[in-house]
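Got your viewer open? Load the model, set it to cartoon, and let's walk through it stop by stop.

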Amino acid sequence: MAVNPNTVIDLDGVPTAIKDLNRTDRNVLGLGHSVWDIDVLKKQRHPGDWPYTSEDCQRADERFGVWINNENDLVCPGCGLDYT
Ligand SMILES: [Zn+2]
């Protein structure tokens, strides 16, 4: 399920939108892929017309990727990050 980046959470008493959190905290809440994944897999993000970047991917929690390149590569449907 896609994460709404405008969802406001309580950050130490301060209402804060998920999109305004730092990278790691955003990831914990399901917005964007893990920092480790991005750093390691950056070169494996497939080119294409993806709606999000990996850092801001709203579909990072979806475990069902999409197959591209004649079903040779399983990638995130939001940003094209390689799942295989
Ligand atoms: Zn993604």
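Trace the cartoon from the N terminus and you read β-β-α-α-β-β, which makes two helices and four strands in total. Helices here are DSSP runs of H or I with at least four residues, strands are runs of E with at least two, and both are numbered from the N terminus. One thing to keep in mind: this is a predicted model, where local features need pLDDT of at least 70 and side-chain atom pairs count only at pLDDT 80 or more, while totals for chains, interfaces and linings use all residues. Residue numbers start from 1 along each chain as its sequence is written.

Zoom out for a moment. Along the principal axes, the C-alpha atoms fill a box of roughly 50 × 25 × 20 Å. Of the 84 residues, 25% count as buried; that takes 20 or more other C-beta atoms within 10 Å of a residue's own, with 12 or fewer meaning exposed, anything in between partly exposed, and C-beta atoms placed from the backbone.

Now select 8-17. Strand β1 (residues 8-11) pairs with strand β2 (residues 14-17) in the antiparallel sense over four bridges; pairing requires at least two bridges found by DSSP. Asp 10 sits opposite Pro 15 in β2. The two strands form a hairpin with two residues between them, and Asp 12 in the turn has a positive phi of about 50°.

Next, pick Arg 23, which belongs to helix α1 (residues 23-28). Is Arg 23 exposed, partly exposed or buried? Partly exposed, because 15 other C-beta atoms lie within 10 Å. Leaving out residues up to four places away in sequence, Arg 23 touches Gly 32, Val 35 and Glu 55; a contact means C-beta atoms, placed from the backbone, within 7 Å. Draw a distance to Ser 34 too: the C-alpha atoms are 8.4 Å apart, with 11 residues' separation along the chain.

For the interior, show the largest nonpolar core, which has 10 residues, among them Val 3, Ile 18, Tyr 52 and Cys 79. Such a core is a set of buried Ala, Val, Leu, Ile, Met, Phe, Trp, Tyr and Cys residues joined through C-beta atoms within 7 Å. Click Cys 79 and look for its contacts beyond four places in sequence, including Arg 45, Trp 50 and Cys 57.

Last stop: the loop between β3 (66-68) and β4 (73-75), home of Asn 69. Asn 69 has a positive phi of about 55° without being a glycine, and it counts as exposed because it has 10 C-beta neighbours inside 10 Å. Asn 70 is in the loop between β3 and β4 as well, with a positive phi near 55°. Asn 70 is exposed, with 6 other C-beta atoms within 10 Å.

Note on methods. Contact = placed C-beta atoms within 7 Å.
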